[in-house]
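New to this one? Here is a quick briefing to read alongside the sequence and the 3D view.

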Amino acid sequence: FKPSYFPFTEPSVEMYVKMENFGWVEGGGAGIFREEVTRPLGVNVPVLAWGLGLGRLAMLKLGISDIRYLYSTDLKWLREV
């Protein structure tokens with residue numbers, strides 16, 4: 001775990017997992033939602049947020065070196081994967 005920055009949470013933390021042949025890979029992130037995010041929704045208590053780095057795991061499984069390919073609209077590339 002290491003301190004991090006996410007625009008909607010404070011404090012924030014990232015989790016890293018050591019993968020053989022890849023080194024340290026981001027496995028997820030967490031934090032407490034900032035008050036300006038929850039107040040407009042009528043929530044007046046601290047709210048925890050967390051998420052898994054599924055995109056990173058997909059990159060490892062598919063052999064992708066650039067995460068932008070996961071969000072690509074290049075149909076030719078997508079059909080080849």
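What follows is a short tour of confidence, strands, salt bridges and surface.

This is a predicted model, where local features need pLDDT of at least 70, side-chain atom pairs count only at pLDDT 80 or more, and totals for chains, interfaces and linings use all residues. Residues are numbered from 1 along each chain as its sequence is written, and side-chain values use heavy atoms, with hydrogens and water left out.

**Confidence**

- The chain has an average pLDDT of 87, and 98% of the residues score at least 70; pLDDT is the predictor's confidence in each residue, from 0 to 100.
- Among the elements of the chain, H1 has the highest mean pLDDT (94), while helix H3 (residues 75-80) has the lowest (77).
- Helices (H or I, at least four residues) and strands (E, at least two) are DSSP runs, numbered from the N terminus.

**Strands and hairpins**

- Strand S1 (residues 2-6) and S2 run antiparallel, with four bridges joining them; two strands count as paired if DSSP finds at least two bridges between them.
- To get from S1 to S2, the chain uses a hairpin of two residues.
- Looking for landmarks in this pairing? Pro3 stands opposite Val13 in S2, and Lys2 has Glu14 in S2 as its bridge partner.
- S2 also pairs with S3: these two run antiparallel and are joined by nine bridges.
- The hairpin of S2 and S3 has three residues between the strands, and Asn21 there takes a positive phi near 75 degrees.

**Trp24, out in the open**

- Trp24 sits in strand S3, where Lys18 stands opposite.
- Is Trp24 buried or exposed? Trp24 is exposed, at 58% relative accessible area; the cut-offs are under 20% for buried, over 50% for exposed and in between for partly exposed (1.4 Å probe, protein chains only).
- Setting aside neighbours within four places in sequence, Trp24 is in contact with Tyr16, Val17 and Lys18, where contact means heavy atoms within 4.5 Å.
- Val47 is a different story: Trp24 and Val47 are 23 residues apart in sequence and 28 Å apart in space, C-alpha to C-alpha.

**Salt bridges**

- How many salt bridges does a search of the whole structure find? The search turns up five, a salt bridge being a side-chain nitrogen of Lys or Arg within 4 Å of a carboxyl oxygen of Asp or Glu.
- One of them links Arg34 and Glu10, whose closest N and O atoms are 2.8 Å apart. Arg34 is in the loop between strand S3 (23-33) and helix H1 (35-38), and Glu10 is in strand S2 (residues 9-19), so this pair ties together parts that are 24 residues apart in sequence.
- The two partners differ in label: Arg34 is partly exposed at 26% relative accessible area, whereas Glu10 is exposed at 53%.
- Another salt bridge pairs Glu26 with Arg56 (3.1 Å, N to O). Since Glu26 lies in strand S3 and Arg56 in helix H2 (residues 54-62), the pair ties together parts that are 30 residues apart in sequence.
- Arg56 itself is partly exposed, at 27% relative accessibility.
- Arg68 and Asp66 also meet through their side chains, in a salt bridge of 2.6 Å, N to O. Here Arg68 is exposed at 62%, and Asp66 is partly exposed at 22%.
- Through shared partners, salt bridges join Glu10, Arg34 and Glu36 into one network.
- Glu36, a member of that network, is found in helix H1 and is partly exposed at 43% relative accessibility.
- From Glu36 to Met15 it is 25 Å in space, C-alpha to C-alpha, with their positions 21 residues apart in sequence terms.

**A nonpolar patch**

- Leu52, Leu54 and Leu57 make a nonpolar surface patch of about 330 Å².
- Patches are made of residues with over 30% relative accessible area and no salt bridge, with like charges joined within 9 Å and nonpolar side chains (Val, Leu, Ile, Met, Phe, Trp, Tyr) within 5 Å.
- The areas come from the Shrake-Rupley method with a 1.4 Å probe, and for residues only the protein chains shown count as cover.
- Leu57, one of the patch residues, lies in helix H2 and counts as partly exposed at 48% relative accessibility.
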